[in-house]
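Hi everyone, thanks for coming. Today I'd like to walk you through one protein model, step by step, so please have a look at it while I talk.

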Amino acid sequence: MPTDIRVPAQVDEPVRRAAPRQRRGRWRLPNPLVALVLVLFLVFFVLPVVWLLLAATKTDDQLVHGNPLSFGSWPALADNWHSLTSFQDNAIFQWLGNSAVYSFVALAITLCVAIPAGYALAMTEFRGRRTLLVATLVVMLMPNATLVVPLFLEVNAVHLIGSMWSIILPYSFYPFGVYLTYIYFSTAVPRDLIDAAKLDGCSQFGVFRHVALPLAAPIVALVGFFSFVANWTNYFLPYVLLPESDQFPVQVGLGTLLNSVPQFNPTVGTAAVQRPELALATLLAITPVLVVFLFSQRFLVAGMLAGATKE
């Protein structure tokens with residue numbers, strides 16, 4: 001009797017195809033090390049922020065002797081707000097305004113300089129280009145503290161100590177933005193598109209303005225965010241270059257508030273600041289960075305992924 005040998009093959013084929021999937025799924029077990037690392041990150045990064053939020057709602061006694069993760073009261077929060085805003089005649093708002101001026105003016109200059117500079121380094125060949133790239137990378141890797149003394153001597157030589165430009169001009173020098181833009185234009189923008197625009201009669205500036213710059217919106221947002229955060233959180237440079245309290249940015253102002261807490265400085269007189277008020281001032285100082293991040297996160301993700309693949 002003839003036997004049909006194709007029937008077992010048709011039946012067994014799906015079984016053979018599904019078997020590797022079943023084997024892979026059988027060995028896929030949860031990794032306890034990953035869960036442990038996530039818990040450690042949660043404790044290390046999230047709990048301090050939660051504690052800071054709750055600290056602003058307490059009195060100083062509740063902050064020291066109460067539950068660290070308990071909510072204080074709304075009247076205590078209102079009292080802390082009133083005491084903070086009364087310190088040196090609303091100095092906290094003046095410091096926030098100074099930080100905004102320094103950061104946004106420097107940001108505008110940074111974008112006007114870093115983006116064209118990165119494009120020129122990526123798209124043009126000239127003598128000394130490699131040396132300039134290496135120098136940019138070296139300066140980018142140097143700690144900011146090592147540049148404070150040279151910057152102080154330069155700013156003092158042009159008689160700008162104590163002016164807003166003594167902060168804005170050094171803030172505008174942002175080699176990381178130049179190098180980041182150079183990487184983007186070198187990898188993510190097709191050279192054929194640039195060459196086609198030149199063949200159509202576009203000048204070098206026209207190619208940058210009408211072709212390259214619209215494609216670089218994610219990297220512009222990324223450079224702008226990093227520059228803004230670096231400017232807003234800079235402490236050492238304005239502390240050295242600005243002699244007057246009414247010129248301080250908010251980061252240096254927080255140092256002034258810290259020196260006015262009796263537990264940290266026993267010589268404080270009547271202008272004392274309690275620890276919950278210091279926590280509230282810290283929240284005010286970090287809020288602008290969080291707001292900028294929330295509104296620009298879509299562009300930040302696109303900028304971070306730009307250049308990851310090349311056609």
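Let me begin with a term: when I say helix, I mean a DSSP run of H or I that is at least four residues long, and helices are numbered from the N terminus. With that in hand, here is a first place to find: glutamine 247 sits in the loop between helix 13 (236-241) and helix 14. Please keep in mind that this is a predicted model.

Let's stay with that glutamine for a moment. What does the side chain of glutamine 247 reach? The answer is the backbone oxygen of glycine 162, at 2.4 Å. If we leave out residues up to four places away in sequence, glutamine 247 touches Asn98, Tyr102, Gly162 and Leu242.

Now move along to helix 14 itself, residues 250-259. Is it largely enclosed or not? Eight of its 10 residues are buried, so helix 14 is largely enclosed by the rest of the structure. If you want to click on the buried ones, they are Val250, Gln251, Val252, Gly253, Leu254, Gly255, Thr256 and Leu257.

Let's zoom out to the whole protein. How many helices and how many strands does the protein have? There are 15 helices and zero strands. Of the 311 residues, 33% are buried. The protein exposes about 19300 Å², and carbon and sulfur atoms supply 67% of that area. For contacts with a separation of 6 or more, 71% are between residues 24 or more positions apart.

Here is one pair of residues with many others between them in the chain. Arginine 209 belongs to helix 11 (residues 204-215). Its C-alpha atom is 9.6 Å from that of proline 116, and the two residues are 93 residues apart along the chain. Arginine 209 counts as partly exposed because its relative accessibility is 43%, and partly exposed covers the range between the 20% and 50% cut-offs.

Next, the pockets. The largest pocket has a volume of about 590 Å³. It is lined by 23 residues, and the closest to its centre are Asn144, Leu147, Pro170, Phe173 and Asn234. Several elements give two or more residues to this lining: helix 6 (129-141), helix 7 (148-157), helix 8 (165-172), helix 9 (175-187), helix 12 (217-232) and helix 13. Which helix gives the most to the lining of the largest pocket? That is helix 7, with four residues.

Now for a detail of the backbone. Look at the loop between helix 4 (74-86) and helix 5 (91-123), where you will find glutamine 88. Aspartate 89 lies in that loop too. Glutamine 88 has a positive phi of about 50°, although it is not a glycine. Aspartate 89, also not a glycine, has a positive phi of about 55°. As for the surface, glutamine 88 is partly exposed, with a relative accessible area of 43%, whereas aspartate 89 is exposed at 72%.

Finally, the cysteines. How many disulfides does the count come to? It comes to zero. Two cysteines to look at are cysteine 112, which is exposed with a relative accessible area of 60%, and cysteine 202, which is partly exposed at 31%.

That's my tour, so thanks for listening!

Methods
Residues are numbered from 1 along each chain as its sequence is written. This is a predicted model: local features need pLDDT of at least 70, side-chain atom pairs count only at pLDDT 80 or more; totals for chains, interfaces and linings use all residues. Side-chain values use heavy atoms; hydrogens and water are left out. Buried means under 20% relative accessible area, exposed over 50%, partly exposed in between (1.4 Å probe, protein chains only). A disulfide is a pair of cysteine sulfur atoms within 2.5 Å. A polar contact is a pair of N or O atoms within 3.5 Å; within protein, one must be able to donate a hydrogen and the other to accept it, and residues adjacent in sequence count only if both atoms are side-chain atoms. Contact means heavy atoms within 4.5 Å. Accessible areas come from the Shrake-Rupley method with a 1.4 Å probe; for residues, only the protein chains shown count as cover. On a 1 Å grid over the protein atoms alone, a cavity is a set of points where a 1.4 Å probe fits but cannot get out, and a pocket is an open set with protein on both sides within 12 Å along at least five of seven lines; lining residues have an atom within 4 Å of a point. Grid points are joined across faces, edges and corners, and a volume is the space filled by probe spheres set on the points.
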